[in-house]
Amino acid sequence: MIKRFSSSFISAVLLGVVVLFVIPTAANAASIGVSPASGSYQEGDVFSVVMRADGEGSEFNVAQATVSVSNNLSVQGIIFGNCDFSFVATPSLSNLSFLGAVLGGKATNCTVYTVTLRAVSSGTGTIAVTN
């Protein structure tokens with residue numbers, strides 16, 4: 001069985017050049033999480049997980065998360081979602097963590113990315129999401 005955990009995050013303050021482009025309003029906290037939250041897969045199975053940012057009814061313009069994947073899961077691919085982020089830290093196959101801003105706008109919920117994973121060995125696999 002592969003478990004995935006989600007965690008809330010506190011909005012980040014962007015420094016440097018990016019600050020010049022972000023509308024000067026406070027970004028509210030949003031939840032960052034994965035869907036599905038859990039599942040059972042066999043060694044060799046390939047499956048997808050969606051990373052979402054949800055303001056739970058409030059608007060946000062910045063989202064950030066540190067994302068790590070256990071050793072028994074292998075990242076196969078990543079497709080960016082509809083958040084329309086300008087990334088300061090862009091998620092990649094080797095590092096799924098991200099820091100992104102909606103320049104000149106806001107979102108209430110969106111898909112950050114969809115990641116395709118492969119179960120490479122037995123045991124409990126995890127996707128840890130922290131801020």
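The side chains of Glu59 and Lys106 meet in a salt bridge, with a nitrogen-to-oxygen distance of 3.8 Å. Glu59 belongs to the loop between β5 (46–54) and β6, whereas Lys106 belongs to the loop between β9 and β10 (109–119), so the pair ties together parts that are 47 residues apart in sequence. The model is a predicted one, and the structure holds one salt bridge. Because a residue counts as partly exposed when its relative accessible area falls between 20% and 50%, Glu59 at 43% is placed in that class, and Lys106 at 42% is likewise partly exposed.

**Strands around β6**

The chain contains eleven strands and zero helices, and its pattern along the sequence is accordingly written as β-β-β-β-β-β-β-β-β-β-β. Strand β6, which spans residues 62–69, runs antiparallel to strand β9 (residues 98–101) and is joined to β9 by four bridges. Strand β6 is also joined by four bridges to strand β11 (residues 125–130), and this pair too runs antiparallel. One residue pair can be named for each of these pairings, as set out below.

| Residue in β6 | Partner residue | Partner strand |
|---|---|---|
| Val62 | Ala101 | β9 |
| Ser68 | Ala128 | β11 |

As a general point, the side chains of a regular strand alternate between the two faces of the sheet.

**Ser97, ahead of β9**

Ser97 is found in the loop between β8 (86–89) and β9. With a relative accessibility of 15%, Ser97 counts as buried, because the cut-off for that class is under 20%. The side chain of Ser97 reaches the backbone nitrogen of Val67 at a distance of 2.8 Å, and Val67 lies within the span of β6, residues 62–69. When residues up to four places away in sequence are left out, Ser97 touches Ala65, Thr66 and Val67, and also Ala89, Thr90 and Pro91.

**The chain as a whole**

Of the 131 residues in the chain, 39% are buried. Among the contacts in the chain with a separation of 6 or more, 76% are between residues 24 or more positions apart. The chain exposes about 6700 Å², of which carbon and sulfur atoms supply 52%.

Taken together, strand β6 is bridged to both β9 and β11, the buried Ser97 contacts Val67 through its side chain, and the loop that precedes β6 carries Glu59, the residue that pairs with Lys106 in the loop between β9 and β10.

Conventions
Residues numbered from 1 in each chain as written. Predicted model: local features only at pLDDT ≥ 70, side-chain atom pairs only at ≥ 80, totals over all residues. Heavy atoms only, no water. Pairing = 2+ DSSP bridges. Helix = DSSP H or I, 4+ residues; strand = E, 2+ residues; numbered from the N terminus. Salt bridge = Lys/Arg side-chain N within 4 Å of Asp/Glu carboxyl O. Buried < 20%, exposed > 50% of the residue type's maximum accessible area, 1.4 Å probe, protein only. Polar contact = N/O pair within 3.5 Å; in protein donor to acceptor, adjacent residues only side chain to side chain. Contact = heavy atoms within 4.5 Å. Areas by Shrake-Rupley, 256 points an atom, 1.4 Å probe, with all protein chains shown as cover.
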